[in-house]
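Visitor: I am new to this structure and would be grateful for a close look at a single part of it. Please begin with one pair of residues and then place that pair in its surroundings.

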Amino acid sequence: MFKMVSSPHTHSSNLTAKFMLWVIFSMLPAIFALWYFFGYGVLIQITIALMLAIVIELSVAKIRRKPTAFYLSDFSGVLTGLILAVSIPPYAPYWLITIGMVVALLLAKHAYGGLGQNIFNPAMVAYALLLVSFPVQMTAWLVPLELLNEPPTLVDSFSLIFKGITSDGFSLHQLISSVDGLSQATPLDSAKTNLTTLGMDNLLASPIFKHSLATGWWQINAAFLGGGLFLLYKRIIHWQIPLAMLVSFTLFSLVTQLITPHQHLNVVTHLFSGAMMFGAFFIATDPVSASITPKGKLIFGGLIGILLYLIRYHGNYPDGIAFSVLLANICVPLIDHYTQPRLYGTKKGRKNK
């Protein structure tokens with residue numbers, strides 16, 4: 001006797017875990033780059049996030065009377081923690097990542113029923129809430145270590161994260177302020193805050209700005225790009241979302257650059273600054289909260305690119321990946337509804353039932 005079940009007919013308890021592990025593996029080069037350019041704080045934040053992910057997932061399994069490893073075996077909580085940990089400043093206080101993990105896993109994931117039920121990207125929900133609630137801590141990125149006279153040691157990194165000062169008594173603000181000519185860590189932050197006062201020519205001529213632009217962020221984005229291309233090769237993610245996102249952002253940026261050439265950073269700088277490649281290949285492609293139809297993925301990715309362009313060029317936030325993805329997540333049910341592929345044997349224009 002055969003049991004009639006709905007599609008899909010191929011089931012594997014290890015399939016989700018396998019996909020998650022490939023994504024984690026693809027992030028390792030970028031994590032190494034982040035550690036190399038920004039120090040031990042990156043590894044400490046990741047460790048805290050992974051420990052919290054395990055504790056929260058085990059607690060939820062116990063509350064819902066599930067097997068101990070029910071929510072751990074798919075590695076989705078671990079991946080969420082990893083994404084959030086590399087998204088926040090490396091030397092942010094420990095309570096920031098703690099609040100973020102609670103929001104990501106409890107409110108943005110399990111409150112909807114767990115993996116596969118959430119309509120928003122959990123890590124981006126947490127990131128957006130932290131950015132709105134704690135803007136000072138979320139924008140306190142340390143400059144690349146090469147620009148510091150005394151980079152934080154492992155002990156200093158622990159002290160900064162858990163006490164707010166180094167072993168010598170220096171706060172993170174003092175370490176950032178010690179670098180003359182750069183009040184923020186990232187090129188996008190610096191351009192957003194200093195463009196109106198310094199002007200584009202003076203900003204680009206600043207040695208500190210040029211060094212920060214060329215050191216760290218280009219290499220980190222290149223590492224995320226390489227990891228994303230590997231995921232495409234392994235068919236873990238689909239090409240439509242990252243391609244549509246990057247192309248739509250590039251087209252709108254090129255038009256703006258032609259109209260106002262000296263008022264914004266150039267397109268290439270935007271593409272390899274901030275979380276652009278991270279967002280295109282690792283955040284926007286979340287299989288649960290993204291569109292699932294072929295045409296819908298193109299529309300979804302293109303919408304993220306347009307929203308990202310509007311926020312970066314005309315908004316108050318220097319990056320905008322989190323807000324762009326979350327706003328596009330809202331549109332996913334509508335996008336999927338109107339982009340359903342035609343069933344084999346049905347006439348064009350006939351609705352699938």
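Visitor: Are K109 and E57 buried or exposed?

Guide: The model shown here is predicted. In this model, K109 and E57 are both buried. The two residues form a salt bridge, in which the closest N and O atoms are 2.8 Å apart. This pair joins distant parts of the chain, since K109 and E57 are 52 residues apart. K109 belongs to the loop between α4 (94-107) and α5 (122-133), while E57 sits in helix α2.

Across the whole structure, a search finds two salt bridges. Besides K109 with E57, there is a bridge between R312 and D319, whose closest N and O atoms are 2.9 Å apart. R312 and D319 are buried as well.

The helix that carries E57 also leads to a loop with two notable residues. The loop between α2 (41-63) and α3 (76-87) contains R65, and F75 is found in that loop too. R65 is not a glycine, yet its phi is positive, near 55°. F75, likewise not a glycine, has a positive phi of about 60°. As for accessibility, R65 has a relative accessible area of 78% and is therefore exposed, the cut-off for that term being over 50%. F75, with a relative accessible area of 29%, is partly exposed.

From here one may turn to the nonpolar interior. The largest nonpolar core has 81 residues, and M27 and F278 are those with the most contacts inside it. Helix α1 (residues 15-38) supplies the largest share of this core, namely ten residues. Because domain 1 (15-142 + 144-178) and domain 2 (181-337) both contribute residues, the core lies between the two domains. A second, separate core has eleven residues, among them V143, L160, L175 and I176.

F278 deserves attention in its own right. Leaving out residues up to four places away in sequence, F278 touches M27, I83, V86, S87, F224 and I283. Helix α14 (residues 276-283) has eight of its eight residues buried, so this helix is largely enclosed by the rest of the structure. Among the buried residues of α14 are M276, G279, A280 and F282.

The aromatic rings add a further layer to this picture. A search of the whole structure finds 20 aromatic pairs. In one of them, the ring centres of F224 and F278 are 4.5 Å apart and the planes meet at 25°, so the pair is stacked. Because F224 lies in helix α11 (residues 207-233) and F278 in helix α14, the pair ties together parts that are 54 residues apart in sequence. F224 and F278 are both buried. Elsewhere, ring pairs link F249, F252, Y309 and Y313 into a cluster.

Finally, helix α1 also holds W35. With a relative accessible area of 27%, W35 is partly exposed. Apart from neighbours within four places in sequence, W35 is in contact with Y40, V42 and L43. W35 and L145 are 110 residues apart along the chain, and their C-alpha atoms are separated by 9.9 Å.

Conventions:
Residues are numbered from 1 along each chain as its sequence is written. This is a predicted model: local features need pLDDT of at least 70, side-chain atom pairs count only at pLDDT 80 or more; totals for chains, interfaces and linings use all residues. Side-chain values use heavy atoms; hydrogens and water are left out. Helices (H or I, at least four residues) and strands (E, at least two) are DSSP runs, numbered from the N terminus. Buried means under 20% relative accessible area, exposed over 50%, partly exposed in between (1.4 Å probe, protein chains only). A nonpolar core is a set of buried Ala, Val, Leu, Ile, Met, Phe, Trp, Tyr and Cys residues joined through side-chain atoms within 4.5 Å. Domain bounds come from an automatic or database domain assignment. Contact means heavy atoms within 4.5 Å. Rings of Phe, Tyr and Trp (its six-membered ring) pair if their centres lie within 6.5 Å; planes under 30 degrees apart count as stacked, over 60 as edge-to-face and the rest as tilted. A salt bridge is a side-chain nitrogen of Lys or Arg within 4 Å of a carboxyl oxygen of Asp or Glu.
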